[in-house]
Amino acid sequence: MSLLAVGTVAFDDIETPKGRAEGVVGGACTYISLAASYFTAPVRIVSVVGDDFPEDALEHLRGRGVDLEGLQIKQGEKSFFWAGRYHSNFNSRDTLDTQLNVLADFNPILPESYRHSEYLMLGNLVPALQMRVLDQLAHRPKLVVLDTMNFWMDIAMDDLKAVLGKVDVLTINDEEARQLSEEHSLLKAAQVIHEMGPKTLIIKKGEHGALLFHQGEIFFAPALPLAEVIDPTGAGDTFAGGFIGWLAKTDDLSFANIKRAVIYGSAMASFCVEAFSIERLKTLTPAMIQTRVRQFADLVHFQL
Ligand code: AMP
């Protein structure tokens, strides 16, 4: 099934307890499309970069079958830039810098061939722009997933609530779920967020896994215990790409399959954190992904 992904394509400066990486490829849309490309085709992206963005990174995405027709390249302008520093536990981070650059006056325009996409991933981006993408589709996709972050809750809460009213699934981390719902209990937060629109909610808890809330049912997926975490940047986006990629591949929106999608998302995220930037995601094979999904099944399997 066709998948349309929207979000940032960016440069990042990252500092983790394991080291630093400067001017590396990042952005929500980059991670989403790369992760999803292991499951479904075509993966189409809508985003914007400046003329400073490396051609080899774009070539890699093309090589993975990602359709870049909707990627605008602005001559003489700079790509979106984000800098972050992780705390010693890797689970929390400080944003040191966000430079919107090309994003400041970005107008997402869907090429004609994109307007009939069946699955839509609204990756982390200005909420009003997420809405503009939704408005350009010829018909409502089978599934709309939205990811966002506290940055947009702080500066564009009304726009965020408007777009939340139109999506099926929201993925956010636990702190953001509390900020959005003004509830500390994640159970209560889920109820409040369901009322805002999304019938399905995934709350990501970093190395503590992810919780899925769906029509009164709850499912928990752990994160795989890893020998070494290098850089958590993009783990949430990679999770989202694996999650929606699996659903687009299987075209099955039953609760049982949504649970499977959470595991595929978690497996992809577990690869992402093993190296800086998108480096680890470049090196995967379907067999490696399958082995890791099996490790998840073994990790949580028990008999009553
Ligand atoms: P994650 O670790 O999943 O939250 O994703 C980190 C990625 O999101 C980085 O590669 C950044 O370039 C990108 N990013 C950081 N801040 C923002 C923002 N405010 N809007 C959109 N993308 C962002």
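Colleague: What makes the pair between the ligand and D237 a polar contact?
Modeller: An oxygen atom of the ligand is 2.6 Å from an N or O atom in the side chain of D237. A polar contact is a pair of N or O atoms within 3.5 Å, so this pair qualifies. Mind you, this is a predicted model: local features need pLDDT of at least 70, side-chain atom pairs count only at pLDDT 80 or more, and totals for chains, interfaces and linings use all residues. Residues are numbered from 1 along each chain as its sequence is written, and side-chain values use heavy atoms, with hydrogens and water left out.

Colleague: Why does W152 count too?
Modeller: A nitrogen atom of the ligand is 3.4 Å from an N or O atom in the W152 side chain, so that pair also falls within the limit. With R93, a ligand oxygen is at 2.8 Å from a side-chain N or O atom.

Colleague: How do you know that β2 and β6 pair?
Modeller: Two strands pair if DSSP finds at least two bridges between them. Strand β2 (residues 10-16) and strand β6 (residues 80-86) have six, in the parallel sense, so they pair. A10 stands opposite F80 there.

Colleague: What makes β3 and β7 edge strands?
Modeller: Each pairs on one side only. The open sheet runs β3-β2-β6-β7, with mixed pairing.

Colleague: How do you know that L247 is in contact with Y119?
Modeller: Contact means heavy atoms within 4.5 Å, so some of theirs lie within that distance. Other partners of L247 include L143, I258 and A261.

Conventions
Helix = DSSP H or I, 4+ residues; strand = E, 2+ residues; numbered from the N terminus. Polar contact = N/O pair within 3.5 Å; in protein donor to acceptor, adjacent residues only side chain to side chain. Lists of a residue's contacts leave out its neighbours within four places in sequence.
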